[in-house]
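Colleague: I have a structure here and would like to go through it step by step. Please put it up so that we can both look at it.

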Amino acid sequence: MKYAMVIDTLKCVGCSDCVVACQSENNVPIGYCRDWVTESVNGTYPLVEIELKSERCNQCDNAPCVRCCPTGASHKADGGIVLVTADECIGCGACIASCPYDARYQHPDGYVDKCTFCAHRLKKGQNPACVSVCPTKCMYFGDIDDPTTKVSHLLASRKFKVLAPEAGTKPNVYYLI
Amino acid sequence: MTKEIGSRLDLQAYFVYKDFEEVIAWQLNEMGSSLEEMKKIGVKNFKRKSGPLYLKKDEAYEFATNSGKIEFYSEELANLGLDPMPVYTSHESPEQGFYRLNYGRSPMHTFSRTINNPNLSDLTNENTLWVNPKVARIEGLKNGQSVWLENQDGIISSFSINVRVTERIRWDSVYMYHGFGHDNKKLSRAHGKGVSDTELISNIKVDPLMGGTGMRGNFVKILIDNPTKEVLL
């Protein structure tokens with residue numbers, strides 16, 4: 001089993017509901033975030049294209065943050081999710097520097113924090129908080145090893161991209177384009 | 001609870017019931033049902049008194065117009081001296097140095113009422129003035145630069161607004177989010193952040209036919225220097 005998130009950039013309106021949902025679900029202090037929305041504008045007026053993306057940890061198969069962690073606090077958990085054990089983290093920041101997506105931040109309490117795909121919610125059979133609140137339903141979550149899931153269907157039928165493929169991290173957050 | 005508050009404010013006269021169940025029972029009685037019945041069945045359908053809701057297929061129907069049909073050309077409007085068919089009227093264009101003030105909503109906020117919410121103000125706590133790169137070049141504006149705005153009637157914005165140079169806006173217009181630029185100091189996170197579009201909207205167009213209002217017929221000039229500075233010194 002491998003968890004993946006598929007985000008439809010054609011449906012996203014950039015409202016940042018995912019960000020607020022994550023902050024309140026995971027008690028992320030104000031001023032920090034585990035997910036965020038980016039906007040890129042291409043072309044010149046009137047032929048302008050706008051792409052909005054909700055970004056977060058890509059839970060990479062080949063995660064540089066796990067490899068560089070000196071204490072083993074950063075680790076791979078069930079379903080390919082990258083987690084940080086706060087008690088084992090010494091706050092050295094190597095993982096923050098190694099992440100090509102800038103997906104980690106240092107919590108005011110000293111440890112490094114990041115998106116967990118809401119692992120505590122997955123155990124209860126619920127979707128991650130960001131996916132469950134999205135008002136345009138542009139986010140999908142599921143197992144991409146299982147060809148019958150919605151995420152597998154979407155990746156089989158739609159054009160998609162991943163972020164920073166050149167980094168060789170094999171990310172698990174896909175963007176439909 | 002409302003009844004209790006009411007009676008403590010000496011308004012007992014308006015709360016002539018024991019509890020709200022009594023009110024609901026009375027309402028249901030008036031409608032031709034009863035609380036006991038509704039507790040049992042939950043939903044009750046009444047016959048429509050004003051006829052069927054939808055037209056049947058091929059049913060002859062008269063609309064409430066002179067011809068009894070849907071009118072594209074309205075004699076009634078012509079008799080009133082109005083355009084019987086909509087005629088395109090060109091909108092006013094801004095004068096040299098002015099830009100049309102367009103406004104819209106920030107997707108994070110609900111009008112101005114969520115403006116002081118800690119989470120949402122963390123995402124967006126002020127609005128920006130969107131200008132096309134061509135306009136930025138002409139006016140000598142840089143991204144993030146603070147500017148003030150003056151509208152066609154000489155009204156100057158209370159606060160400054162930061163410029164956002166973007167291709168997402170046309171070159172004869174500027175754009176900002178609505179709901180920012182509050183001057184209430186009790187809005188600790190929102191006070192003085194950005195410019196309020198409403199204070200610059202002094203020209204409200206009213207459609208003589210429908211009464212619809214148009215508030216995007218205002219033009220603003222971009223002031224690079226603080227217009228209140230001289231007064232303060």
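Colleague: In what order do the 4 strands of the open sheet in chain A lie?

Modeller: Keep in mind that this is a predicted model. Strands E8 (139-143) and E9 (160-161) of chain A each pair on one side only, so they are the edge strands by the pairing rule of at least two bridges. The pairing in the sheet is mixed. The order in chain A is E8-E1-E10-E9.

Colleague: In which sense do strand E1 and strand E10 of chain A pair?

Modeller: Strands of a sheet can pair either parallel or antiparallel, through backbone hydrogen bonds. Here E1 covers residues 3-8 and E10 covers residues 173-176 of chain A, with 4 bridges between them. One of the residues involved is A:Val6, whose bridge partner in E10(A) is A:Tyr174. The sense of the E1 and E10 pairing in chain A is parallel.

Colleague: Which helix of chain A packs on the sheet, touching E1, E8, E9 and E10?

Modeller: Chain A has 6 helices to choose from. The one that packs on this sheet spans residues 150-157, and its direction makes about 110° with that of E8(A). That is helix H6 of chain A.

Colleague: Does A:Ile144 count as buried or partly exposed?

Modeller: A:Ile144 sits in the loop between E8 and H6 of chain A. Leaving aside residues up to four places away in sequence, A:Ile144 touches A:Lys2, A:Ala4, A:Val151, A:Ser152 and A:Leu155. A residue needs 20 or more C-beta neighbours within 10 Å to be buried. A:Ile144 has 19 inside 10 Å, so the class is partly exposed.

Colleague: What is the radius of gyration of chain A, and what would a compact globule have?

Modeller: The C-alpha trace of chain A spans about 50 × 40 × 35 Å along its principal axes. Of its 177 residues, 36% are buried. A compact globule with 177 residues would have a radius of gyration near 16 Å, and chain A agrees because its own value is 16 Å.

Colleague: How many charged residues are on the side of chain A that touches chain B?

Modeller: In chain A, 15 residues are in contact with 12 residues of chain B. Helix H1 (17-25), strand E2 (36-44) and strand E3 (47-55) of chain A each supply at least two residues of that side. By class, the side of chain A that touches chain B has 9 nonpolar and 6 polar residues, and the number of charged residues is none.

Key. Residues are numbered from 1 along each chain as its sequence is written. Chains are lettered from A and ligands numbered from 1 in the order in which they are written. This is a predicted model: local features need pLDDT of at least 70, side-chain atom pairs count only at pLDDT 80 or more; totals for chains, interfaces and linings use all residues. Two residues are in contact if their C-beta atoms, placed from the backbone, lie within 7 Å. Axes are lines fitted to C-alpha atoms, for helices over the stretch in contact, and angles run from 0 to 180 degrees between N-to-C directions. The radius of gyration is taken over C-alpha atoms; the globule rule is 2.2 Å times the number of residues to the power 0.38. A residue is buried if 20 or more other C-beta atoms lie within 10 Å of its own, exposed if 12 or fewer, and partly exposed in between; C-beta atoms are placed from the backbone. Ala, Val, Leu, Ile, Met, Phe, Trp, Tyr, Cys and Pro count as nonpolar, Asp, Glu, Lys and Arg as charged, and the others, Gly among them, as polar.
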